[in-house]
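Here is a short note to help you find your way around this structure. Please have the 3D view open as you read, and take the points in order.

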Amino acid sequence: MNWIDNIKWDDKGLVPVIAQEKDTGDVLMFAWMNREALQKTAELKRAVYFSRSRGKLWFKGEESGHVQTVHEIRMDCDNDVVLLTVTQLGHEPGIACHTGRHSCFYQRFEDGQWQVAAPVLKDPETIYK
């Protein structure tokens, strides 16, 4: 059996993926991969996702320059979630979120509402042209 066949793909041929920063342990983002994206990620050691909104492969950083170098690919116990251990490149500290923040998980539930818990490191208007 091919290693990629061990993944339990959903009915659309996708698997959820979490990107975690190698050095800090920060959870940077959540995305989706199809077989081709996972295969390319393994081959290139660079995060390649599947954009559901665009219906195509998305090479992380192709527009922003915020590339993710992949150090390790793991699969959870149910074989239905993938975890990437990455180094986030392109800005110091690395920007993973399209909002210009380090992590997509920048909102924290506190006192009954969502609070912004991380600053914008770079204006998204200057990132995406």
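1. **A network of charged side chains.** A good place to start is the trio Arg54, Glu62 and Glu63, which are linked in a network of salt bridges. Please keep in mind that this is a predicted model. Arginine 54 pairs with glutamate 62, with 3.8 Å between the closest N and O atoms. Arginine 54 also meets the side chain of glutamate 63 in a salt bridge, at 3.7 Å from N to O. As background, side chains of opposite charge can pair when their charged atoms come close.

2. **How open that network is.** Are the three residues buried, partly exposed or exposed? Arginine 54 is partly exposed, at 42% relative accessible area. Glutamate 62 is likewise partly exposed, at 39%. Glutamate 63 reaches 52%, so it counts as exposed, the cut-off being over 50%.

3. **Another pair of opposite charges.** How many salt bridges are there by this rule? The count comes to five. One of them joins glutamate 110 to arginine 108, and here the closest N and O atoms are 3.0 Å apart. Both partners are partly exposed: glutamate 110 has 32% relative accessibility, and arginine 108 has a relative accessible area of 46%.

4. **Serine 51, a link back to arginine 54.** Serine 51 sits in strand β3. With a relative accessible area of 6%, serine 51 is buried, because buried means under 20%. What does its side chain reach? The side chain of serine 51 comes to 3.1 Å from the backbone nitrogen of arginine 54, the residue that also belongs to the salt-bridge network with Glu62 and Glu63. If neighbours within four places in sequence are left aside, the contacts of serine 51 are Lys56 and Trp58.

5. **Serine 103, a buried loop residue.** For serine 103, look in the loop between β6 and β7. Its relative accessibility is 12%, so serine 103 counts as buried. A polar atom of its side chain lies 3.5 Å from the backbone oxygen of leucine 28. Which residues does serine 103 touch, leaving aside its neighbours within four places in sequence? They are Val27, Leu28 and Cys97. Valine 116 is 13 residues away from serine 103 along the chain, and the C-alpha atoms of the two are separated by 12 Å.

6. **A nonpolar patch on the surface.** Val27, one of the contacts of serine 103, also belongs to a nonpolar surface patch with Phe30 and Phe105. Together the three have about 290 Å² of accessible area. Phenylalanine 105 is in the loop between β6 (82-88) and β7 (107-110), the loop that also holds serine 103. While serine 103 is buried at 12%, phenylalanine 105 is exposed at 52% relative accessibility.

7. **Two residues with positive phi.** Most residues other than glycine have a negative phi, which makes the next two worth a look. Lysine 45 has a phi near 60 degrees, a positive value. You will find lysine 45 in the loop between α1 (35-44) and β3 (48-51), where it is partly exposed at 49% relative accessible area. Asparagine 79 also has a positive phi, of about 60 degrees. Asparagine 79 lies in the loop between β5 (68-75) and β6, and at 22% relative accessibility it counts as partly exposed.

8. **Stepping back to the whole chain.** In what order do the elements of the protein chain run from the N terminus on? The order is β-β-α-β-β-β-β-β-β-α, which gives two helices and eight strands. The radius of gyration is 15 Å, close to the 14 Å that the globule rule gives for 129 residues, so the chain is as compact as a globular protein of that length. Its C-alpha trace spans about 45 × 35 × 30 Å along the principal axes.

9. **Inside and outside.** Of the 129 residues, 36% count as buried. The chain exposes about 7700 Å², and carbon and sulfur atoms supply 50% of that area. Among contacts between residues at least 6 apart in sequence, 42% join residues at least 24 apart.

Notes
Residues are numbered from 1 along each chain as its sequence is written. This is a predicted model: local features need pLDDT of at least 70, side-chain atom pairs count only at pLDDT 80 or more; totals for chains, interfaces and linings use all residues. Side-chain values use heavy atoms; hydrogens and water are left out. Patches are made of residues with over 30% relative accessible area and no salt bridge: like charges are joined within 9 Å, nonpolar side chains (Val, Leu, Ile, Met, Phe, Trp, Tyr) within 5 Å. Accessible areas come from the Shrake-Rupley method with a 1.4 Å probe; for residues, only the protein chains shown count as cover. A salt bridge is a side-chain nitrogen of Lys or Arg within 4 Å of a carboxyl oxygen of Asp or Glu. Helices (H or I, at least four residues) and strands (E, at least two) are DSSP runs, numbered from the N terminus. Buried means under 20% relative accessible area, exposed over 50%, partly exposed in between (1.4 Å probe, protein chains only). The radius of gyration is taken over C-alpha atoms; the globule rule is 2.2 Å times the number of residues to the power 0.38. Contact means heavy atoms within 4.5 Å. A polar contact is a pair of N or O atoms within 3.5 Å; within protein, one must be able to donate a hydrogen and the other to accept it, and residues adjacent in sequence count only if both atoms are side-chain atoms.
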